[in-house]
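Trainee: Please pick one part of this model and take me through it closely. After that, show me how the rest fits around it.

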Amino acid sequence: MKHPVVMPHLGATGGDVKIVEWRIAERDVVAAGAALLTVETDKSVVEVEAFRGGRLTGPLAPPGSSVAPGAIIGYLSDDVEAAIPVAHVPPAPNAGRAAAPPISTPPAPAPLSQEVRAARIMVRLSRVRDSKDAAGFVERLLEAFATMVLIRRYEEHLYQLFLQGLVPGTLHQCQGQEAVAVGVCSALRRDDLVYSTHRPVGHLIAKGASLEAITAEIWGKATGCVGGKGGQMHLADFAVGAMVSNAIVGANIPIATGSAMSFRLQGLDRVAVSFFGDGASNIGAFHEGLNLAAVQDAPAIFVCENNLYAASTNFALTARITDIAARAAAYGMPGVVVDGMDVEAVYAAARTAVARARAGRGPTLIEAKTYRYRGHSRGDPGGYRARDEHAAWMARDPIERLKQRLVGDFALPAAKIDEIEAKAQAKVEAAVEFAQQSPEPSPDSALEHVFV
Amino acid sequence: MNDAGAPTRPMGMAEALRDAMRIAMRTDPTVFLLGEDIGVSGGFGGGFTVTLGLAEEFGRERVIDTPISEGAIVGAAVGAAMAGSRPVAEMQYGDFVFCAMDQVVNQAAKMRYMSNGSVRVPMVLRLPVGASQRGAQHGQSSEAWFMHTPGLKVACPATPYDAKGMLIAAIRDDNPVIFLEHKLLYGGKGTRKETAQISLGTEVPDGDYEIQLGTVAVRRAGRDLTILANMLMVHRALAAAERLAESGIDAEVIDVRCLVPLDMATIEDSVRRTGRALIVEEDHLTGGWGAEIAARIADAAFSNLRAPIRRVAGPDTPIPCAPALERAWVPDVDRITAAAVALLGAASRHLTVASE
């Protein structure tokens, strides 16, 4: 069967996209995720990857031609697909042209900070504590692994669908950041609240949100988690404490603070978590929110996912400090730097922060050093990032690391890993199928729920 | 005692508001207050004494003095409201709410909608408004901004009785309510007395009562024209109506004490009877609440109008500070009276032409 390759919607204006070159010769076989062609948009030169494995067949749109997004430019036939290993690692950005000079020194593999070391020790301690139930520990690690795989598969699958023009609206993806979401949410109870961002999928899945409902929301369907009123940036699952994710950078910081203050006033031991990026640490809401939380001893945990870039702007261009966690000192709360590519380290830091919050000792700022493999949003090829920086971070991939640990330290059979991956893929495809088959919301519903 | 036999006592608006919060806090442990200088021991109970004594009764846990962080005050109120509390947040001056507009407009107002009806945001945001010889950044009346934002209720009482009943209703409402309080109506005493304040020491019931949001109040019945006003302007409109009565003009005065929801039925009914509408607002003319009401009247009752709808409002400049300038800026009894007379004049010309 032949599957059309369509020109992705990658530009800023929706105008025609020029084909620079095919990276695969006609009739050659390509693996899913491998570079298929290079195109030039009004934004930059971008590598387009194969949305599936197969043999590239024509007619191919010729190099040098300009093509409208959505137009068919070639075909992938799946006669050989079964024989093609699936590559789940996305390509480095900036392919097809000279790498831009790095704005920041590629940080990895960085020597472990004191905090990370401390976190590691805490993990070991927690392991000791759990040693009477070593199987339980491995079980939890496996669970974290499965959730991270699910997030990765979900995001990658949606990206491939996006490339085919099958995902409506916008996309802000979190590949590479899975360990932060899973590490933090593993330390939470179901009744704790999580306030996410415009990049919400990892947090939502990690908190246990319905995959079907968030997918249907991205597809704008009536069965979406908020009935189609939210879209990709506003996902929620109130049954598991995932509040509506917020697309105003930093706005959820005072809101999480308020929820935490309310819990304390009600005499509850619930906590509220605000996830945000490095960019949010420069908005007023961050400073006002952290200060208020500190002075109120609010049971809040502020998790900064420092992926180095606020959209395209490197953090180094916007602040004179290296560690955002240092800002915690200004508000009199602990600030912890943690390796955001290590789920055990993130979990350990989160567990400490949550215990502290539940005990009424106030909030913590956790800065997780991480990286988003994809662009800021759909169609952003990440041309502002150096190839070697990207590669250095991907070499520390949190899922690969955990996989190696599970296989190496805990002798997990490879078949179990395969099973987890297959299960995740099936879940993702079922969720997309559910979304695609779901009905559109009724137009009248747009007028509902302004007031109680 | 009032007519119903319930005990009453004379209260200014500040006292009435304080009484409302006291009752709401006594009857519901989830109600708490947050704002700047509202509970500090030895302090002054907010900018206008409204929360004086409440920290002593309810403790500093429920009367929370915040940093000067308007965005965090409103944001925390939103988060607390979604987590099961009923926060009452105060901006020391209504003008400071512009520091918190993201939290008001993008968060408080939208959370119910964006959650597809899954969450409630039962919070009140109190804003002291109105020109009071403090200049351009301590005197705006900002109701039009909030009326333009779907998801917010907007209350703006003119009397102590309404202030108490509407604030209790607002606190118990499951939606975010922007609650405007005019500084010259607080009835401050001693050093807290505003230079140009007017005395409203009316009898207010001691007990627990609610005035339903979304209602207007006919303050004076009349046949010749309908004057629509809110907060301080209600009192100036009533004074103008008395003066008009001396000239044989019988004005109906409606207190538009709630802008969202808006009781257009009562307003339309009045205008259909009088055939003339004069809207008096302290806010700037352009894009004010009066413009919206004028458009709705024109839409619903055009055939009943015997004259154009007129507005008396603050000009499209920032509010000046000097007493002489501020007096000229804020609509006063003279301007309201003159506008009413002109409206009647225009109407009589119109009638003359029509009858020929």
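**A small sheet and its surroundings**

Mentor: Let's start with an open sheet in chain A, where 4 antiparallel strands run in the order 5-4-2-7. Its edges are strand 5 (45-49) and strand 7 (66-67) of chain A, each pairing on one side only. Strands here are DSSP runs of E with at least two residues, helices are runs of H or I with at least four, and both are numbered from the N terminus. Two strands pair if DSSP finds at least two bridges between them. Strand 2 (residues 17-22) of chain A joins strand 7 of chain A through 2 bridges, in the antiparallel sense. For a spot to click on, Ser66(A) in strand 7 of chain A is the bridge partner of Lys18(A).

Some ground rules: this is a predicted model, with local features needing pLDDT of at least 70 and side-chain atom pairs counting only at pLDDT 80 or more, while totals for chains, interfaces and linings use all residues. Residues are numbered from 1 along each chain as its sequence is written, and chains are lettered from A and ligands numbered from 1 in the order in which they are written.

Now zoom out to the domains of chain A, whose bounds come from an automatic or database domain assignment. Chain A splits into domain 1 (2-83) and domain 2 (114-437), with their C-alpha centres 32 Å apart. Their contact (C-beta atoms, placed from the backbone, within 7 Å) takes 10 residues from domain 1 of chain A and 7 residues from domain 2 of chain A. The domain 1 side of that contact has 6 nonpolar residues, 4 polar and no charged. Nonpolar here covers Ala, Val, Leu, Ile, Met, Phe, Trp, Tyr, Cys and Pro, charged covers Asp, Glu, Lys and Arg, and polar is the others, Gly among them.

Across the whole of chain A there are 11 helices and 15 strands. Buried residues make up 52% of its 452 residues. Buried means 20 or more other C-beta atoms within 10 Å of the residue's own, exposed means 12 or fewer, and partly exposed is in between, with C-beta atoms placed from the backbone. Of the contacts in chain A with a separation of 6 or more, 75% join residues 24 or more positions apart.

Helix 8 of chain A is mostly covered, with 12 of its 16 residues buried. Among those buried are Val343(A), Tyr347(A), Val354(A) and Ala357(A). The expected span is 1.5 Å times one less than the number of residues, so helix 8 (residues 343-358) of chain A should span 22 Å, and its end C-alpha atoms are indeed 22 Å apart. After helix 8 of chain A comes Gly360(A), with a positive phi near 80 degrees.

Finally, the meeting of the two chains: 36 residues of chain A and 35 residues of chain B are in contact. Helix 6 (252-265) and helix 7 (284-295) of chain A each supply at least two residues to the chain A side. Helix 6 of chain A gives the largest share, 10 residues. By type, the chain A side has 21 nonpolar, 12 polar and 3 charged residues.
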